[in-house]
Every structure is written in structure tokens, then in C-alpha cells.
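Colleague: Could you put the model up on the screen, please? I have a few quick questions about the surface and the charged pairs.

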Amino acid sequence: MEWYNVGKIVNTHGIWGEVRVISTTDFPDERYQVGNELGLFKKDGSKPIIVKITSYRKHKNFDLLTFDGYTLLKDVEGFRDATLKVSEKYLTELEENEYYYHEIIGCTIVSTEGETIGTVTEILQTGANDVWTVQPVKGKTHYIPYIEDVVKKIDVDKKEITIEVLEGLLS
């Protein structure tokens with residue numbers, strides 16, 4: 001079974017088993033719905049723990065979650081730095097021109113002239129639009145905005161994205 005990142009537990013919150021999560025999903029309201037199950041992957045590489053969400057709320061820049069059966073601070077202290085992942089069976093169909101992060105990360109960026117620019121390593125959420133971090137084979141990192149003027153074609157099957165290199169974009 002495939003698992004996809006939705007967030008990282010960075011700390012606990014309060015004494016009632018709440019955890020602070022920095023999300024890496026565009027769909028926190030969907031992913032953290034009460035009753036949903038996520039895989040909790042600890043850094044030690046042990047078998048994932050399946051947790052069922054019992055509450056979800058936003059607090060400052062974090063998503064706060066509690067899990068069924070983990071009601072006290074001592075129950076969740078060991079979850080710090082763990083990654084929360086969603087099973088592929090819970091992924092839903094997206095609208096046209098919408099993609100999951102795992103479909104974009106790892107794609108090769110190519111210019112409309114056929115020149116290979118680099119590989120998408122990270123997606124930054126800026127508010128107005130996402131920005132893709134692109135690592136070239138050599139040289140400094142590029143930041144490509146996911147906007148219509150720049151991104152011309154996305155082929156997730158071939159793991160290739162074609163962009164229009166506007167003046168100053170790669171400098």
C-alpha cells in the first residue's frame with residue numbers, strides 16, 4: 001500500500017493529548033476530518049501506527065489533532081517528529097489542472113525549447129499560488145511559480161513538466 005505525506009507532528013499542545021501538526025496537504029479539512037484514519041510514521045522506522053482522528057482545529061500556523069485512544073499528554077509525547085500519511089485508498093479525484101504534491105515532486109522541468117532545467121524537490125505555499133523548488137543538475141536552486149503564464153504542460157505519467165522560461169525566471 002502506498003502512503004502519502006499530509007503533515008509532520010512538531011510538538012504536543014496542552015495536557016489532553018493534542019498534537020501540533022505542520023501540514024503538507026492542500027486539503028487539511030478533508031484529511032483531518034473526525035473519524036479519518038492516518039498512518040503515523042515514527043523516525044525510528046518502526047511499523048506505522050494507524051490513528052483515528054477525534055478532533056481537529058486550527059491554532060496559529062498549526063493544525064491541532066487528537067487521536068482515538070490517546071487522551072493524555074503522556075500518550076502522545078512519543079509522536080513528536082513523526083510524519084502523518086494518508087493511504088492511497090483515501091485519495092480522491094481532483095479537478096482538471098489540480099495535482100497532488102506527490103505527483104509533482106520528482107518531476108523533471110523542461111523548457112518549451114526542450115532544455116532540461118531540473119527536478120522539483122519541494123512545493124511552497126505562498127498564498128497566491130504555489131511555488132515549486134527546482135534543483136538543477138548543477139548551480140543554484142530555482143523557484144518556479146505554478147501559474148498559467150509559466151507552466152504550460154504537466155505529464156504526471158512521464159513525470160515531466162514543460163514551462164515557458166520568462167525573462168528573469170531562472171536568474
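**Charged pairs, then the rest**

Modeller: Lys74 is exposed, with a relative accessible area of 61%, where exposed means over 50%, buried under 20% and partly exposed in between (1.4 Å probe, protein chains only). Please keep in mind that this is a predicted model, in which local features need pLDDT of at least 70 and side-chain atom pairs 80 or more, while totals for chains, interfaces and linings use all residues. Residues are numbered from 1 along each chain as written, and side-chain values use heavy atoms, without hydrogens or water.

Colleague: OK, and which residue forms a salt bridge with Lys74?

Modeller: That is Asp75, with 3.5 Å between the closest N and O atoms; the criterion is a side-chain nitrogen of Lys or Arg within 4 Å of a carboxyl oxygen of Asp or Glu. Asp75 itself counts as partly exposed, at 25% relative accessibility.

Colleague: How many salt bridges does the structure hold?

Modeller: It holds four, and one of them joins Arg57 to Glu18, with the closest N and O atoms 2.8 Å apart. That pair links distant parts of the chain, since Arg57 belongs to strand E4 (residues 49-59) and Glu18 to strand E2 (residues 18-23), 39 residues apart. Strands (E, at least two residues) and helices (H or I, at least four) are DSSP runs numbered from the N terminus.

Colleague: Is Glu18 buried or exposed?

Modeller: Glu18 counts as buried because its relative accessibility is 12%, whereas Arg57 has 38% and counts as partly exposed.

Colleague: What about Glu30, what does it pair with?

Modeller: Glu30 forms a salt bridge with Arg31, and the closest N and O atoms of that pair are 3.4 Å apart. Arg31 has 5% relative accessibility and so counts as buried, while Glu30, with a relative accessible area of 30%, is partly exposed.

Colleague: Changing topic: where is Thr12 found, and what does it touch?

Modeller: Thr12 sits in strand E1, which covers residues 3-13, and it is buried because its relative accessible area is 19%. If neighbours within four places in sequence are set aside, its contacts (heavy atoms within 4.5 Å) are Glu18, Val19, Arg20, Leu73, Val76 and Glu77. Glu18 therefore appears here again, as the buried residue at 12%.

Colleague: And which residues make the nonpolar surface patch?

Modeller: Ile15, Trp16 and Leu72 make a nonpolar patch of about 340 Å² on the surface; members need over 30% relative accessible area and no salt bridge, with nonpolar side chains joined within 5 Å. Leu72 is placed in the loop that runs between strand E5 (62-67) and helix H2 (73-76), and it counts as partly exposed because its relative accessibility is 31%.

Colleague: Last one, what does the whole chain look like in numbers?

Modeller: The protein chain has three helices and twelve strands, and its C-alpha atoms fill a box of roughly 55 × 30 × 30 Å along the principal axes. Of its 171 residues, 35% count as buried, and among contacts with a separation of 6 or more, 49% come from residues 24 or more positions apart. The exposed area is about 10,300 Å² (Shrake-Rupley, 1.4 Å probe), of which carbon and sulfur atoms supply 47%.

Technical notes: Patch = residues over 30% accessible without salt bridge, like charges linked within 9 Å, V, L, I, M, F, W, Y side chains within 5 Å.
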